[in-house]
Amino acid sequence: MNRNNLLLLTALFIGVLYFSACEKDPEVPQEEELITTLTAVLTPVGGGTAVTLNFSDIDGDGGAAPVITGGTLAAGTTYTAAITLLNESESPAEDITEEIEMEDDEHQFFFAVSSGLNVAIAYADQDADGNPVGLASTWVAGTAGSGNVTITLRHEPNKNATGVKDGDITNAGGETDIEVTFPVTIQ
């Protein structure tokens with residue numbers, strides 16, 4: 001092999017190394033966590049028995065139907081509510097609540113109350129920008145009645161859109177991580 005060919009091969013080899021080292025690794029999209037369990041524990045302010053709303057679907061979108069347990073609230077009572085989320089398809093169960101807390105600026109819960117149910121729900125927590133999150137909330141049960149409360153967790157909602165800070169999901173955008181409708185009675 002003559003000297004020119006050797007120099008050409010060396011330059012080509014160095015060029016390939018240089019350009020391959022400059023290539024960016026492809027971005028791997030972050031896969032959303034599987035949420036198999038949503039629990040909302042409502043504790044009466046001033047004492048009393050807590051009410052637990054629970055959704056469980058251990059196999060995710062598999063064949064088994066989810067189990068949903070509603071609750072009964074006392075009329076005229078204020079409750080502090082705390083939501084926890086789990087992925088119980090893993091052992092031990094993964095606490096998704098921690099991820100929501102760490103990425104609270106990218107998440108928001110929304111609460112929709114059906115007609116016939118007299119309960120007012122207000123946010124009790126916020127992210128670093130002062131926007132609501134919803135892992136903690138206050139529920140005020142009014143007069144007797146029954147209906148549904150739908151709890152929806154949105155990933156990357158537009159928290160600056162009209163009404164979103166007030167809990168209106170209409171303009172929130174983003175993707176729904178979980179949405180559960182609980183039967184609730186006030187007596």
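Are Phe111 and Trp139 buried or exposed? In this predicted model, both Phe111 and Trp139 come out as buried. That makes the two rings a handy place to start.

Rings pair up here when their centres lie within 6.5 Å, and the count comes to two aromatic pairs. In one of them, the rings of Phe111 and Trp139 sit with centres 6.2 Å apart and planes at 75°, so this pair is edge-to-face, the label for angles over 60 degrees. The two partners come from distant parts of the chain: Phe111 belongs to strand E7 (residues 107–113) and Trp139 to strand E9, with their positions 28 residues apart in the numbering. Tyr123 joins in as well, giving one aromatic cluster made of Phe111, Tyr123 and Trp139.

Strand E7, home of Phe111, is mostly covered, with five of its seven residues buried. Its pairing with strand E10 (residues 145–155) is antiparallel and runs over seven bridges. One of the E7 residues with a bridge partner in E10 is His107, matched with His155.

Trp139 also turns up in the largest nonpolar core, which holds 30 residues. The members that touch the most others are Leu42, Leu73, Ile83, Leu85, Phe109, Trp139 and Ile151. Quite a few elements chip in: strand E1 (37–44), strand E2 (51–56), strand E5 (78–87), helix H2 (96–102), E7, E9, E10 and strand E11 (175–186) each supply at least two residues. E11 gives the most, with five residues. As a rule, nonpolar side chains in soluble globular proteins tend to be buried together.

Leu42 gives a close-up of that core. Neighbours within four places in sequence aside, Leu42 is in contact with Ala50, Val51, Leu53, Leu73, Tyr79, Thr80, Ala81 and Trp139. Two of these contacts, Leu73 and Trp139, are themselves on the list of members touching the most others.

Next along the chain from Trp139 is Val140, placed in strand E9 (residues 136–141). Here the picture changes: Val140 has 37% relative accessibility and therefore counts as partly exposed, whereas Trp139 is buried. In a regular strand, side chains alternate between the two faces of the sheet. Leaving out residues up to four places away in sequence, Val140 touches Thr77, Thr78, Asn118, Val119 and Ala120. Gly76 lies 64 residues from Val140 in sequence, yet their C-alpha atoms are 7.1 Å apart in space.

Key
Residues numbered from 1 in each chain as written. Predicted model: local features only at pLDDT ≥ 70, side-chain atom pairs only at ≥ 80, totals over all residues. Heavy atoms only, no water. Helix = DSSP H or I, 4+ residues; strand = E, 2+ residues; numbered from the N terminus. Buried < 20%, exposed > 50% of the residue type's maximum accessible area, 1.4 Å probe, protein only. Contact = heavy atoms within 4.5 Å. Phe/Tyr/Trp six-rings, centres within 6.5 Å; stacked < 30°, edge-to-face > 60°. Pairing = 2+ DSSP bridges. Core = buried A, V, L, I, M, F, W, Y, C linked by side-chain atoms within 4.5 Å.
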